[in-house]
Amino acid sequence: LRGQLPDPRHAAEDAAVSSLHHAQRVRRKSILPEVDGIGARMEPRVTRLHSRARAAIRDGQYDLATELYNSILYRMPRRGDVSPATIERTYLLLALHEQRKGRVDVARRIFNEGIVHFPHSTKLLVALALMESKNGYVDKAIKLVKKAAVRNPERCAMVLKWKIFQPEAPTTA
């Protein structure tokens, strides 16, 4: 039988068996990261991708930097392979990158997505608040900073002292 061409009458059966074998191999591979400590190998890889993204920004390769950040957030395994702090930082870096490119709506979406995944992140909340204040949404910025201050008052103490976040004194005429 070896060396013979496959029988076309059994093509569907052969494809089903091949698909089953592939699914079993994929399932085995997806278990490995949790078993063999791949997380320890993924963190340095993400750090290298962050470095490459910063270098791309320095070189004016903004689309490459965006792609690198996106690859960390949307294409890498998520089973605890990378620390939550690193993923949170990636959301922050990508959102700030998009903001610098003038894509405020995209930056806002990324900040909000990061906040959904990391609801206690004062970094993301304060950075979003600062972006909103720069774009004229001061009321929204104040709400975000107050929300962050409730979650982490020590970290937000300095931000709350900024003039933009101070209540306006009543004017007397």
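Start by selecting Arg108 and Glu132: in this predicted model, their side chains make a polar contact at 2.7 Å. Arg108 belongs to helix H5, which runs over residues 104-117. Show the surroundings of Arg108 and you'll find it touching Leu128, Met131, Glu132, Tyr137 and Lys140, once residues up to four places away in sequence are set aside. Is this arginine buried or exposed? With a relative accessibility of 16%, Arg108 falls under the 20% cut-off and so counts as buried.

**Widen to H5**

Now select the whole helix. H5 has 14 residues, and from its first C-alpha to its last it reaches 20 Å, close to the 20 Å expected at 1.5 Å a residue. Colour its buried positions next: Val104, Val106, Ala107, Arg108, Ile110, Phe111, Glu113, Gly114 and Ile115. What covers them? Turn on H3, H4, H6 and H7, which are included in the cover over the buried residues of H5.

**Step back to the whole chain**

Zoom out for a moment and switch to cartoon. You should be looking at eight helices and zero strands, so to speak an α-α-α-α-α-α-α-α pattern when read along the sequence. The chain has 173 residues, and 35% of them are buried. Of the contacts between residues at least 6 apart in sequence, 50% join residues at least 24 apart.

**Over to H4**

Select residues 84-100, which form helix H4. Put a distance between its end C-alpha atoms and you get 24 Å, which agrees with the span that 17 residues should cover at 1.5 Å a residue. Twelve of those 17 residues are buried, so H4 is largely enclosed by the rest of the structure. To see them, pick Thr86, Ile87, Glu88, Thr90, Tyr91, Leu92, Leu93, Leu94, Ala95, His97, Glu98 and Gln99. Then slide just past the end of H4 to Gly102, where phi is positive, at about 85°.

**The core**

Keep Ile87 and Tyr91 on screen and add Phe111 and Leu124: these are the residues with the most contacts inside the largest nonpolar core, which has 40 residues. Which elements give two or more residues to this core? They are helix H2 (38-58), helix H3 (62-74), H4, H5, helix H6 (122-134), helix H7 (138-151) and helix H8 (153-160). H6 supplies the largest share, seven residues.

Centre on Leu124 and display what lies around it. Leaving out residues up to four places away in sequence, Leu124 touches Glu88, Tyr91, Leu92, Phe111, Gly114, Ile115 and Phe118.

**H4 against H6**

Hide everything except H4 and H6. They pack at an angle of about 10°, and their axes are 10 Å apart. Because that angle is under 35 degrees, H4 counts as roughly parallel to H6. For the contact itself, show Glu88, Tyr91, Leu92 and Gln99 on the H4 side, with Lys123, Leu124, Ala127, Met131 and Lys134 on the H6 side.

**Thr122 and its surroundings**

Stay on H6 and select Thr122, which lies in that helix. Its relative accessible area is 4%, so Thr122 is buried. Bring up the residues in contact with Thr122, apart from neighbours within four places in sequence: Ala148, Arg151, Asn152, Arg155 and Cys156.

**Across to Ala149**

From there, go to Ala149 in helix H7. Ala149 counts as buried too, with 14% relative accessibility. Beyond its neighbours within four places in sequence, Ala149 is in contact with Cys156 and Leu160. Cys156 should already be on your screen, as one of the residues in contact with Thr122. If you'd like a distance to draw, join the C-alpha atoms of Ala149 and Val159: they are ten residues apart in sequence and 9.0 Å apart in space.

**Last stop: Asn70**

Finish in helix H3, where you'll find Asn70. Which side of the 20% cut-off does Asn70 fall on, buried or not? Asn70 has a relative accessible area of 19%, under the cut-off, so it is buried. Excluding residues up to four places away in sequence, Asn70 touches Arg75 and Leu94. Leu94 takes you back to H4, where it is one of the buried residues. Draw one more line, from the C-alpha of Asn70 to the C-alpha of Thr90: 20 residues separate them in sequence, and they sit 8.7 Å apart in space.

Key:
Residues are numbered from 1 along each chain as its sequence is written. This is a predicted model: local features need pLDDT of at least 70, side-chain atom pairs count only at pLDDT 80 or more; totals for chains, interfaces and linings use all residues. Side-chain values use heavy atoms; hydrogens and water are left out. Helices (H or I, at least four residues) and strands (E, at least two) are DSSP runs, numbered from the N terminus. Buried means under 20% relative accessible area, exposed over 50%, partly exposed in between (1.4 Å probe, protein chains only). A polar contact is a pair of N or O atoms within 3.5 Å; within protein, one must be able to donate a hydrogen and the other to accept it, and residues adjacent in sequence count only if both atoms are side-chain atoms. Contact means heavy atoms within 4.5 Å. The expected span of a helix is 1.5 Å times one less than its number of residues. A nonpolar core is a set of buried Ala, Val, Leu, Ile, Met, Phe, Trp, Tyr and Cys residues joined through side-chain atoms within 4.5 Å. Axes are lines fitted to C-alpha atoms, for helices over the stretch in contact, and angles run from 0 to 180 degrees between N-to-C directions. Angles under 35 degrees count as roughly parallel, over 145 as roughly antiparallel, 65 to 115 as roughly perpendicular and the rest as oblique.
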